[in-house]
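Here's a quick tour of a model, written for someone who likes to check things on screen. Have a look at the sequence and the fold, then read on.

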Amino acid sequence: MTSACCGRLPSVDATTPAVLHLPASLGRHEVVALCEDVRVRLVSDRAEVVVCDASGLGPPALTTVDALARLQLAARRAGGRIRLRDPAPALRALLDLSGLPIELEGQVEQREPALRVEEAVEPGDPAL
């Protein structure tokens with residue numbers, strides 16, 4: 001966001017989601033406060049997604065997965081979703097094992113391969 005200059009309105013990038021930095025430990029009181037923070041950010045900013053920066057999280061455990069599930073539920077109830085930024089590889093693996101559908105920032109979208117594209121060509125195959 002830029003500041004107003006010469007009496008004009010500031011320029012705002014509406015596609016930049018709010019970022020919520022997760023603390024090293026996620027106890028019950030922290031999770032309740034974070035869920036409320038997610039709800040407020042989604043409702044007041046009319047955003048679709050809140051990015052949760054997971055780079056500061058400690059070693060992942062099932063309590064971490066539970067906390068993220070609660071954050072996702074709070075976001076869904078407010079009409080949005082959360083997206084994780086910089087999760088540790090161990091946290092990614094734990095989320096995969098748990099089956100919790102949380103979007104990861106920078107995650108490649110899986111698509112069908114393009115039609116009529118060959119991955120390998122055998123010698124003697126006719127050109128299309």
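## The core and what packs around it

The largest nonpolar core has 26 residues, and those touching the most other members are L22, V38, L68, L71, L84 and L95. Two or more residues come from each of helix 1, strand 2 (49-53), helix 2, strand 3 (81-85) and helix 3 (89-98). Helix 2 is the top contributor, giving six residues. Keep in mind that this is a predicted model.

Take L84 from that list of well-connected core members. Setting aside neighbours within four places in sequence, L84 is in contact with L22, C52, A54, L68, L91, L95, I102, E103, L104 and E105. L22, L68 and L95, which are in that contact set, also turn up among the residues touching the most other core members.

Now for the helix pair. In general, two packed helices are described by the angle between their axes and the distance between the axes. Here, the axes of helix 1 (residues 28-44) and helix 2 (residues 62-77) come within 9 Å and cross at roughly 25 degrees. Angles under 35 degrees count as roughly parallel, so helix 1 and helix 2 are roughly parallel to each other. Their crossing is right-handed.

Which residues in helix 1 and helix 2 meet? From helix 1 there are R28, V31, L34, C35, V38 and L42, and from helix 2 there are A67, R70, L71, A74 and A75. That contact breaks down into nine nonpolar, two charged and no polar residues. V38 and L71 do double duty: they sit in this helix contact and are also on the list of core residues touching the most other members.

Staying with helix 2, T64 is found there too. Is T64 buried or exposed? Its relative accessibility is 10%, and buried means under 20%, so T64 counts as buried. Leaving out neighbours within four places in sequence, T64 is in contact with L26, L57, P59 and L91. L91 also appears among the contacts of L84.

Finally, a look at the backbone in two loops. Most residues other than glycine have a negative phi, and most peptide bonds are trans. These two residues have a positive phi without being glycine:

| Residue | Phi | Loop |
|---|---|---|
| R46 | near 50 degrees | between helix 1 and strand 2 |
| D86 | about 55 degrees | between strand 3 and helix 3 |

R46 has 76% relative accessibility, so R46 counts as exposed.

Conventions: Residues are numbered from 1 along each chain as its sequence is written. This is a predicted model: local features need pLDDT of at least 70, side-chain atom pairs count only at pLDDT 80 or more; totals for chains, interfaces and linings use all residues. Side-chain values use heavy atoms; hydrogens and water are left out. Axes are lines fitted to C-alpha atoms, for helices over the stretch in contact, and angles run from 0 to 180 degrees between N-to-C directions. Helices (H or I, at least four residues) and strands (E, at least two) are DSSP runs, numbered from the N terminus. Angles under 35 degrees count as roughly parallel, over 145 as roughly antiparallel, 65 to 115 as roughly perpendicular and the rest as oblique. A crossing is left-handed if the near helix is turned anticlockwise from the far one by less than a right angle, and right-handed if clockwise. Contact means heavy atoms within 4.5 Å. Ala, Val, Leu, Ile, Met, Phe, Trp, Tyr, Cys and Pro count as nonpolar, Asp, Glu, Lys and Arg as charged, and the others, Gly among them, as polar. Buried means under 20% relative accessible area, exposed over 50%, partly exposed in between (1.4 Å probe, protein chains only). A nonpolar core is a set of buried Ala, Val, Leu, Ile, Met, Phe, Trp, Tyr and Cys residues joined through side-chain atoms within 4.5 Å.
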